[in-house]
Amino acid sequence: FGRLVLWAPGVDLPPGADAAAVLAAGNFHHLALANPRLAPYGRAAQQALEALGLWEKLADRLVTGQSLGQAWQFVASGAAELGLLAGSQAVALGQDGSAGGAAFLPIPAEHYDPIIQQTVLLARARDHPAALEFLACVQGPTARAIIQAYGYGVPEGSGP
């Protein structure tokens, strides 16, 4: 499962700040997100803002990228102070949850529909032992730990 985070590079956040409080305070000019009609993370961002009662309040501050990558670029370039992005992007920028003074605050998963990521085994590959071994590997405990380390959630009890 993809995880949604608030990226706040260079923003002074109080200790223990949470994303909802930062967004509700409104101490920013622009909030970047991916297009909710085109991108799953954009749809999740809209759902989260609606769940927090902030979608309409922040409508004039939203900067919408056509993709998650473009939304990330808006924040990275300074065109937007904040962004609702993928947790995996946060991990790529800094394993400890920060990068160059940036803060990554998780958005509680109950505020948006699951962002489901899947592995697919094509019908033509079902007869190939290497493909089956790869699928078993991806579903195993080592791969699950790697997936989680890169900012994704895994369903409880899933696996081979």
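Colleague: Where is Arg144 found?
Modeller: In this predicted model, Arg144 is found in helix α6, residues 141–149.

Colleague: What makes Arg144 buried?
Modeller: Its relative accessible area is 18%. Buried means under 20%, so Arg144 counts as buried.

Colleague: Which backbone oxygen lies 3.1 Å from a polar atom of the side chain of Arg144?
Modeller: That oxygen belongs to Pro155.

Colleague: Now Ser88. Which helix holds Ser88?
Modeller: Ser88 has its place in helix α4, residues 87–93.

Colleague: Why is Ser88 called buried?
Modeller: The relative accessible area of Ser88 is 18%. The cut-off is under 20%, so Ser88 is buried.

Colleague: What does Ser88 touch?
Modeller: Leaving out residues up to four places away in sequence, Ser88 touches Tyr150, Gly151 and Tyr152. The C-alpha atoms of Ser88 and Ala149 are separated by 8.8 Å. Along the chain, those two residues are 61 apart.

Colleague: Why is the pair of side chains Ser88 and Tyr152 called a polar contact?
Modeller: The side chains of Ser88 and Tyr152 make this contact at 3.3 Å. A polar contact needs N or O atoms within 3.5 Å, one able to donate a hydrogen and the other to accept it. The distance is within the limit, so the name fits.

Colleague: On to the sheet. What is the order of its strands?
Modeller: This open sheet has 5 strands in the order β3-β2-β4-β1-β5, with mixed pairing.

Colleague: Why do β3 and β5 stand at the edges?
Modeller: Each has a single partner strand, so one side of each lacks a neighbour in the sheet. β3 covers 62–65 and β5 covers 103–106.

Colleague: How are neighbouring strands of this sheet turned against each other?
Modeller: By 30° on average, with direction ignored.

Colleague: Which helix packs on the sheet, touching β1, β2, β3 and β4?
Modeller: Helix α3, residues 68–76. Its direction makes about 145° with that of β4.

Colleague: How do you know that β1 and β5 pair?
Modeller: Two strands pair if there are at least two bridges between them. β1, residues 4–8, has 4 bridges with β5, so they pair. The sense is antiparallel. In β5, Val5 has Pro106 as its bridge partner, and Trp7 has Phe104.

Colleague: In what sense do β1 and β4 pair?
Modeller: Antiparallel, over 4 bridges. Val5 stands opposite Leu85 in β4.

Colleague: What makes the pairing of the sheet mixed?
Modeller: β2 and β3 pair in the parallel sense over 4 bridges, whereas β1 and β4 pair in the antiparallel sense. One β2–β3 bridge joins Leu31 and Leu62.

Colleague: Why is β1 called mostly covered?
Modeller: 5 of its 5 residues are buried. Leu4, Leu6 and Ala8 point one way, while Val5 and Trp7 point the other way.

Colleague: Which residues of β2 point which way?
Modeller: Leu31 and Leu33 point one way, Ala32 and Ala34 the other, and all are buried.

Colleague: In the largest nonpolar core, which residues touch the most other members?
Modeller: Leu4, Leu6, Leu23, Leu31 and Leu84, out of 38 residues. The elements giving two or more residues to this core are β1, α1, β2, α2, β3, α3, β4 and β5.

Colleague: What is Leu6 in contact with?
Modeller: Beyond its neighbours within four places in sequence, the contacts of Leu6 include Ala19, Leu23, Leu31, Leu84 and Phe104.

Colleague: How do you know that the span of α2 is close to the expected one?
Modeller: α2 has 12 residues and reaches 16 Å from its first C-alpha to its last. At 1.5 Å a residue, 16 Å is expected.

Colleague: Which residues of α2 are buried?
Modeller: Tyr41, Gly42, Ala44, Ala45, Gln47, Ala48 and Leu49. Their cover includes β1, α1, β2, β3, α3 and β4. Gly53 follows α2, with a positive phi near 70°.

Colleague: How many helices and strands does the protein have?
Modeller: Its secondary structure comes to 6 helices and 5 strands. From the N terminus on, they run β-α-β-α-β-α-β-α-β-α-α.

Methods. Residues are numbered from 1 along each chain as its sequence is written. This is a predicted model: local features need pLDDT of at least 70, side-chain atom pairs count only at pLDDT 80 or more; totals for chains, interfaces and linings use all residues. Side-chain values use heavy atoms; hydrogens and water are left out. Buried means under 20% relative accessible area, exposed over 50%, partly exposed in between (1.4 Å probe, protein chains only). Contact means heavy atoms within 4.5 Å. Axes are lines fitted to C-alpha atoms, for helices over the stretch in contact, and angles run from 0 to 180 degrees between N-to-C directions. A nonpolar core is a set of buried Ala, Val, Leu, Ile, Met, Phe, Trp, Tyr and Cys residues joined through side-chain atoms within 4.5 Å. The expected span of a helix is 1.5 Å times one less than its number of residues.
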